[in-house]
Amino acid sequence: MSQPHRVEVNQYLFSNLALAEIRSNAYAAGNWPLVYILSHKAKRRAYVGETTNALNRLNTHLLHEHKKLLNTAHLISSSHFNKSATLDIESTLIKYMAADGCFELLNGNLGLTDHNYYQKDEVYSQIFREVWDKLRGQGIAKHSLESIDNSDVFKYSPYKALSFEQRQSLIEIMRALLDDNFRHLLVQGGAGTGKSVLAIFLFKLIHTDQAELNLQEFSEEENELRTLLTQFKQRYPNPRMALVVPMASFRTTLKRAFKNVAGLHPDMVINPSQLAQKEYDIVLVDESHRLRQRVNLGSYYKHFDQACAALGLDKHTCSEVDWVTQQAKKAVFFYDPNQSIRPSDANAADFQKIKQSKDSRVMTLTSQYRVQAGQDYVDFIDRLLHIQLSDNEQLRAGKYEFLFFDNAADLVREIEQKNRQYGLARLVAGYAWPWDSKKNPNLHDIEIDTVKLRWNRTNTDWINTIGAENEVGCIHTTQGYDLNYTGVIFGKEIRYDKATNEIVIDESNYLDRNGKHSKKTATELKQYILNIYNTIMLRGIKGTYVYACDPALRDYLKQHIPSYRPTQPQELPPAPTLVPWVNAVPLYDLQAAAGNFSEQQHVEQTQWVGVPQNVEPKKDMFACRVVGESMNMIIPNGSICLFRQDSGGSRNGKIVLVECLAPQDGDEGTQFTVKEYESTKTHTEDGWVHNRIFLKPRSSDPSYEVIELNADNTYRYRVVGEFVMLL
């Protein structure tokens with residue numbers, strides 16, 4: 001039996017005249033807790049709120065300078081809602097809508113609450129999915145929750161909750177910005193300690209109207225933070241601020257994160273050379289270890305020299321660190337010395353000079369927010385690469401998948417599988433192979449035994465580009481990014497010497513031209529390369545898989561990393577005798593397309609197929625094969641699936657088998673597809689009537705499109721069955 005909808009999303013005009021219609025909403029009139037969205041689609045602006053007095057709250061918004069310009073209201077209501085639930089759904093909506101990109105949010109909420117309450121996971125997480133599906137159907141949201149979860153814009157959202165350490169660090173930064181005794185603040189932390197999130201959060205805090213500011217997550221610290229912010233705005237009514245990001249690819253990502261947040265603008269995110277154009281009150285530098293000096297700059301030499309000339313600095317002795325300190329009254333550097341990976345990176349001495357200055361302050365971030373194995377994993381990787389582990393010492397990583405692969409083909413296959421399952425699983429290698437495919441895309445760059453691979457086709461936002469899962473990235477295309485799973489290939493440039501028990505670098509096989517020219521010593525080059533592998537080993541949120549080309553290095557790593565063991569095929573017990581409707585259901589010869597509709601078919605029952613012991617066959621059940629990749633996140637290509645005949649009722653959010661009834665070209669055959677079902681309805685005198693029906697793919701391949709059925713053609717289609725499970 002179909003489960004009734006647990007949540008309603010009702011759309012109204014947002015105006016004084018429309019309040020009368022909103023009064024007819026029982027939840028709004030009855031002072032039930034609900035969530036609402038005010039929006040203006042053409043202006044791409046929206047506001048999300050929650051209330052127990054909808055009419056008064058909306059009336060107040062109609063008096064607001066900016067919110068009164070919005071023209072549509074969506075009320076989200078449910079008999080299941082309580083105050084905890086609406087607060088949670090409000091904060092979750094803000095985070096996902098900010099990353100979805102349909103609207104720029106007017107919300108001043110910062111550090112959104114992420115608390116537990118009764119049945120949060122069992123009931124309300126699914127209710128939120130229903131809300132999101134309905135908002136997608138009404139054009140208020142665009143992307144799936146899964147794709148947003150994997151997006152960098154979501155990960156770097158200023159609406160994400162801060163940890164206790166991050167909240168304390170934010171207050172310390174605000175104090176330093178107001179202290180005349182300090183000009184420079186160096187915030188030091190390893191990969192995954194939340195430096196970028198903190199920088200973006202600070203930008204949002206400073207550029208939010210205090211009247212709109214909501215600091216519900218800060219509780220005990222809220223009064224102090226508000227006082228600091230008041231003092232800041234008195235000193236800097238219109239602060240000239242910039243976020244400097246040295247790496248072009250990561251800079252593009254953060255510009256996108258700023259684009260959909262009210263008060264922020266992509267132009268606030270700049271490259272270092274733009275510092276020469278004007279002075280700033282405050283400059284924040286993310287990934288400041290990648291600021292450059294005049295070494296191996298390639299085409300950037302010209303821009304570097306021009307900026308130095310404009311600033312009156314000696315191009316041979318200064319670095320981009322000097323540009324920041326000269327052009328900013330206050331500078332905050334987010335810094336990790338272990339992520340300096342090229343000779344062109346500014347010298348550690350430049351940052352040491354800042355640390356030792358009387359007008360500087362140093363803060364340290366230690367908590368790990370990216371890798372689910374935590375700080376123990378970070379420390380373990382550092383000791384692993386510097387040969388500091390005891391014999392056969394291994395990390396107890398819990399659920400974190402940290403595995404060594406003897407075979408590169410197994411590594412590639414497992415990363416492909418994880419990408420289909422979770423998305424954002426990528427191969428990353430040391431720069432030990434020439435980039436031949438850059439000039440000839442038909443060539444392969446990396447060949448390991450039978451495995452043939454190509455380097456990344458683009459340097460800009462590579463991990464999010466279509467086809468990235470079939471390529472290999474490097475440090476320059478992954479630094480600063482999060483992955484779900486990373487397949488790390490130690491290249492031919494790094495070896496292990498058993499006799500001396502040390503890592504050895506083969507310079508002849510290190511092919512990053514800008515990475516080794518002008519190096520001072522072999523020790524310096526070795527440290528750069530170890531930093532590279534340290535950095536890429538800290539990209540994977542859920543897991544890191546490792547392969548090494550050098551046999552001796554393989555033996556060393558296998559001592560300390562659990563080995564991958566391929567799943568062995570089990571001998572199956574003799575198949576039971578199939579008895580119709582006892583342990584078997586009919587298998588029809590139709591092939592439902594997990595793509596568009598299949599070719600026309602004449603459907604007949606061909607045989608019976610067994611069902612699991614825990615499934616009781618019913619006379620309304622049947623099976624067929626599903627072919628194609630448009631549902632591969634749930635149904636692999638070629639799977640035999642169990643369906644239950646459609647009995648009516650709500651199908652929203654369910655996977656269904658749909659038949660196209662209209663004959664084509666005189667052929668009386670029938671076409672089928674399997675998709676996730678979503679519909680919008682209107683209530684008329686004759687009852688509920690479908691406005692539009694969407695048949696939605698659930699695929700790791702974004703090229704599959706939604707099939708839309710409207711009122712003019714829905715008669716041609718019939719839902720035949722509801723998906724039960726894979727067989």
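In this predicted model, a polar atom of the Thr477 side chain lies 3.0 Å from the backbone nitrogen of Cys474. Thr477 itself sits in helix α17, which spans residues 475–478. With a relative accessibility of 1%, Thr477 counts as buried, because the cut-off for that class is under 20%. Once neighbours within four places in sequence are set aside, the contacts of Thr477 are Asn456, Thr458, Asn459, Trp462 and Ile463.

Attention turns next to the nonpolar interior. In soluble globular proteins, nonpolar side chains tend to be buried together. Here, the largest nonpolar core holds 75 residues, and the members touching the most others are Leu93, Met97, Trp132, Ile173 and Leu284. The greatest contribution to this core comes from helix α9 (residues 195–206), which supplies 9 residues. A second core, separate from this one, comprises 72 residues, including Phe404, Leu424, Cys549 and Ile561.

Ile173 offers a helpful way into the surroundings of the largest core. Beyond residues up to four places away in sequence, Ile173 touches Leu185, Val187, Leu198, Leu202, Val332, Phe334 and Met363.

Strand β12 (residues 328–335) is mostly covered, with 7 of its 8 residues buried. This strand pairs with β7 (residues 184–189) in the parallel sense over 5 bridges, and Val187 stands opposite Phe334 of β12. Strand β11 (residues 280–285) also pairs with β12 in the parallel sense, over 5 bridges. There, Leu284 has Val332 of β12 as its bridge partner. The picture thus returns to Ile173, whose contacts include Val187, Val332 and Phe334.

Key:
Residues are numbered from 1 along each chain as its sequence is written. This is a predicted model: local features need pLDDT of at least 70, side-chain atom pairs count only at pLDDT 80 or more; totals for chains, interfaces and linings use all residues. Side-chain values use heavy atoms; hydrogens and water are left out. Helices (H or I, at least four residues) and strands (E, at least two) are DSSP runs, numbered from the N terminus. Buried means under 20% relative accessible area, exposed over 50%, partly exposed in between (1.4 Å probe, protein chains only). A polar contact is a pair of N or O atoms within 3.5 Å; within protein, one must be able to donate a hydrogen and the other to accept it, and residues adjacent in sequence count only if both atoms are side-chain atoms. Contact means heavy atoms within 4.5 Å. A nonpolar core is a set of buried Ala, Val, Leu, Ile, Met, Phe, Trp, Tyr and Cys residues joined through side-chain atoms within 4.5 Å. Two strands pair if DSSP finds at least two bridges between them.
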